[in-house]
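Here's a quick tour for anyone about to load this one into a viewer. Have a look first, then read on.

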Amino acid sequence: MRKEIKIEGLDNLNAIDDTSEGTVFRGKRVKEIDTIIKILPYPVHIRNKEEANTITFLREAKRLKHLNQVPNIHIVKIINIGLTEKDLFPYIETELVKGPDLDELVAFPNHPIFKLEEVISLLTQMSNALAHCHSAMVKHGRINSNNIRL
């Protein structure tokens, strides 16, 4: 797991998750807002526009920026997309959404039963968010209970 990063305008607090899709850090913008920073697991050589990782990163960055142009209340706001200063690993910085995730709400000691109206409301919000992403050609790779904040 990557333990330290340096990105202009951010103070790195700590690594909070490491997956095959990248390392996730909790950071703080110099302007005093809490953010989440996901560092992707491969370097990008921005001068080589034909390199596979560069092509993928530039395509995804363009699509993610499009999501911010038409905001959706069910999708976390993207603050910044860029490359780490030292080793050129791509990162995505989003606002920190406070509150429990679905994983926490269904875990002991909470009662994991939701009312039917709550389930319908949650699924409607999730499908609206996914439809918005898909309209920008963005596909979410990890839709699971710890990626859903309530």
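## A loop out in the open

In which loop does Ser20 lie? Ser20 sits in the stretch between strand S1 (10-19) and strand S2 (22-29). Keep in mind that this is a predicted model.

As for solvent, Ser20 has a relative accessibility of 71%, and since exposed means over 50%, Ser20 counts as exposed. If you want a sense of distance, pick Glu117: it is 97 residues from Ser20 along the chain, and the two C-alpha atoms are separated by 35 Å.

## Asp34, just under the line

Now go to strand S3 (residues 34-39), where you'll find Asp34. Is Asp34 buried or exposed? The cut-off for buried is under 20%, so with 19% relative accessibility Asp34 counts as buried.

Who keeps Asp34 company? Leaving out residues up to four places away in sequence, Asp34 touches Arg26, Gly27, Lys28, Glu95, Leu96 and Lys98. With Arg26 there is also a polar contact between the side chains, at 3.3 Å.

## Helix H1 and its two faces

Helix H1 covers residues 52-69, which makes 18 residues. At 1.5 Å a residue the helix should span 26 Å, and its end C-alpha atoms are indeed 26 Å apart, so expectation and model agree.

Which residues of H1 are buried? They are Thr54, Phe57, Ala61, Leu64 and Leu67. Because these residues cover an arc of only 145° around the axis, they end up on the same side of H1. The general rule behind that pattern is simple: an α-helix has 3.6 residues a turn, so residues three or four places apart point the same way.

Turn H1 around and you get the other face, the one turned away from the buried side, which carries the exposed residues Ala52, Lys62 and Gln69. What covers the buried residues of H1 includes strand S4 (78-83), strand S5 (90-95) and helix H3 (116-135).

## The largest pocket

If you're after a place to look for open space, the largest pocket has a volume of about 1,800 Å³. Its lining is made up of 47 residues, and those nearest the centre are Val76, Thr94, His140, Arg142 and Asn147.

Which element gives the most to this lining? That's H1, with seven residues. At least two residues each come from S1, S3, H1, S4, S5 and H3. So H1 shows up twice in this story: S4, S5 and H3 are among the elements covering its buried residues, and H1 is also the top contributor to the lining of the largest pocket.

Key. Residues numbered from 1 in each chain as written. Predicted model: local features only at pLDDT ≥ 70, side-chain atom pairs only at ≥ 80, totals over all residues. Heavy atoms only, no water. Helix = DSSP H or I, 4+ residues; strand = E, 2+ residues; numbered from the N terminus. Expected span 1.5 Å × (residues − 1). Buried < 20%, exposed > 50% of the residue type's maximum accessible area, 1.4 Å probe, protein only. Arc of directions from axis to C-beta. Contact = heavy atoms within 4.5 Å. Polar contact = N/O pair within 3.5 Å; in protein donor to acceptor, adjacent residues only side chain to side chain. 1 Å grid on protein atoms, 1.4 Å probe; cavity = no way out; pocket = protein on both sides within 12 Å on 5 of 7 lines; lining within 4 Å. Points joined across faces, edges and corners; volume = space filled by probe spheres on them.
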